[in-house]
Amino acid sequence: MKEFKESALVFKFSDQWEVYQLDNEADYRNKICKQIPETRSIDFIGFNEKENLLLFVEVKSFRGYGNRINIQRLTGKHDDLTIEVAQKVRDSLATIMGGARNSTHLPDTWKKYVEHLNRNGNLKVIAWVELDTTTETRLQRAKANMATRQKELRSRLTWLTSNVRILNTQNYDNEVEGMEVSPECL
């Protein structure tokens with residue numbers, strides 16, 4: 001099991017997964033970010049050859065941050081979260097493409113991912129959005145809002161994939177084989 005901590009969550013991937021925290025990889029940090037400082041990446045990229053699946057995961061935690069700006073980000077009224085995630089997916093693809101051409105660290109990995117995409121292999125994008133949901137009413141509103149955000153994110157990524165989900169610990173039902181998510185024990 002590979003284990004990664006992000007935003008007070010623990011992401012565990014079984015051995016069938018090859019997983020990287022993309023923003024920690026040298027090809028991202030030392031190459032593309034130094035040339036284009038505004039570049040951003042998703043949190044995790046994973047490949048499961050058995051399942052023929054390339055997985056992009058972006059994690060956002062809004063627990064304890066119920067201020068007006070974050071609420072507006074979740075509703076699309078201010079600095080829309082779906083735009084941010086879609087841009088991170090776009091920039092992550094640039095990292096993979098650049099890595100396939102010029103990597104000094106993971107060239108075979110990035111080439112494998114590009115070949116997978118060129119073969120129209122499965123690509124899934126997950127925005128993992130943790131919310132404060134202290135009452136049942138707030139939880140119901142959050143679920144309805146996340147369904148709307150998911151449709152919006154899917155529409156922003158139709159150029160790449162329609163396999164797009166917004167998940168969190170409240171609604172995750174182990175739909176990605178070999179991926180477990182739990183709150184970090186402090």
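A nonpolar core is a set of buried Ala, Val, Leu, Ile, Met, Phe, Trp, Tyr and Cys residues joined through side-chain atoms within 4.5 Å. Buried here stands for under 20% relative accessible area, exposed for over 50%, and partly exposed for anything in between (1.4 Å probe, protein chains only). Please keep in mind that this is a predicted model, in which local features need pLDDT of at least 70 and side-chain atom pairs count only at pLDDT 80 or more, while totals for chains, interfaces and linings use all residues. Residues are numbered from 1 along each chain as its sequence is written, and side-chain values use heavy atoms, with hydrogens and water left out.

**Close-up 1. The largest nonpolar core has 29 residues.** Ile45, Phe56, Trp110, Tyr113, Val129 and Leu153 are the residues with the most contacts inside this core. Two or more residues each come from E4, E5, H3, helix H4 (107-118), E6, helix H5 (136-156) and E7. These labels follow DSSP runs, numbered from the N terminus: helices are H or I runs of at least four residues, and strands are E runs of at least two. H3 supplies the largest share of the core, seven residues. In soluble globular proteins, nonpolar side chains tend to be buried together.

**Close-up 2. Phe56 and its neighbours come into view here.** Leaving aside residues up to four places away in sequence, Phe56 touches Ile42, Phe44, Ile45, Val89, Ser92, Leu93, Ile96, Leu123, Lys124, Val125 and Ile126; a contact means heavy atoms within 4.5 Å. One of these neighbours, Phe44, belongs to a second, separate core of 18 residues, which also includes Phe11, Leu55 and Val57.

**Close-up 3. Five strands make an open sheet in the order E3-E4-E5-E6-E7.** The pairing in this sheet is mixed, and two strands count as paired if DSSP finds at least two bridges between them. Strand E3 (18-21) and strand E7 (164-167) are the edge strands, each pairing on one side only. On average, neighbouring strands are turned by 20° against each other, direction ignored. Axes are lines fitted to C-alpha atoms, for helices over the stretch in contact, and angles run from 0 to 180 degrees between N-to-C directions. Helix H3 (residues 81-102) packs on the sheet and touches E4, strand E5 (53-61) and strand E6 (122-130). The direction of H3 makes about 135° with that of E5.

**Close-up 4. Strand E4 (residues 44-48) pairs with E3 and with E5.** E3 and E4 run antiparallel and are joined by four bridges, with Val19 standing opposite Gly46. E4 and E5 are also antiparallel, over five bridges, and here Phe47 stands opposite Leu54. A hairpin with four residues between the strands links E4 and E5, and Asn52 in the turn has a positive phi of about 55°. Which residues cover the two faces of E4? Phe44, Gly46 and Asn48 lie on one side and Ile45 and Phe47 on the other, and all are buried.

**Close-up 5. Strands E1 (residues 2-6) and E2 (residues 9-13) run antiparallel.** Five bridges join E1 to E2, and Glu6 stands opposite Leu9. Two residues separate the strands of this hairpin, and Ser7 in the turn has a positive phi of about 55°.

**Close-up 6. Helix H1 (residues 26-35) has a buried side and a salt bridge.** Ala26, Asp27, Tyr28, Ile32 and Cys33 are buried in H1, and the buried residues of this helix pack against H3 and H4. The side chains of Lys31 and Asp27 meet in a salt bridge (3.8 Å, N to O); the term stands for a side-chain nitrogen of Lys or Arg within 4 Å of a carboxyl oxygen of Asp or Glu. Both residues lie in H1, four residues apart, about one turn of the helix. Lys31 is partly exposed at 27% relative accessible area, whereas Asp27 is buried at 5%.

**Close-up 7. Lys124 and Glu175 meet through their side chains in a salt bridge (3.3 Å, N to O).** Lys124 lies in strand E6 and Glu175 in the loop between E7 and strand E8 (179-183), so the pair ties together parts that are 51 residues apart in sequence. Lys124 is buried at 10% relative accessibility, while Glu175 is partly exposed at 33%.
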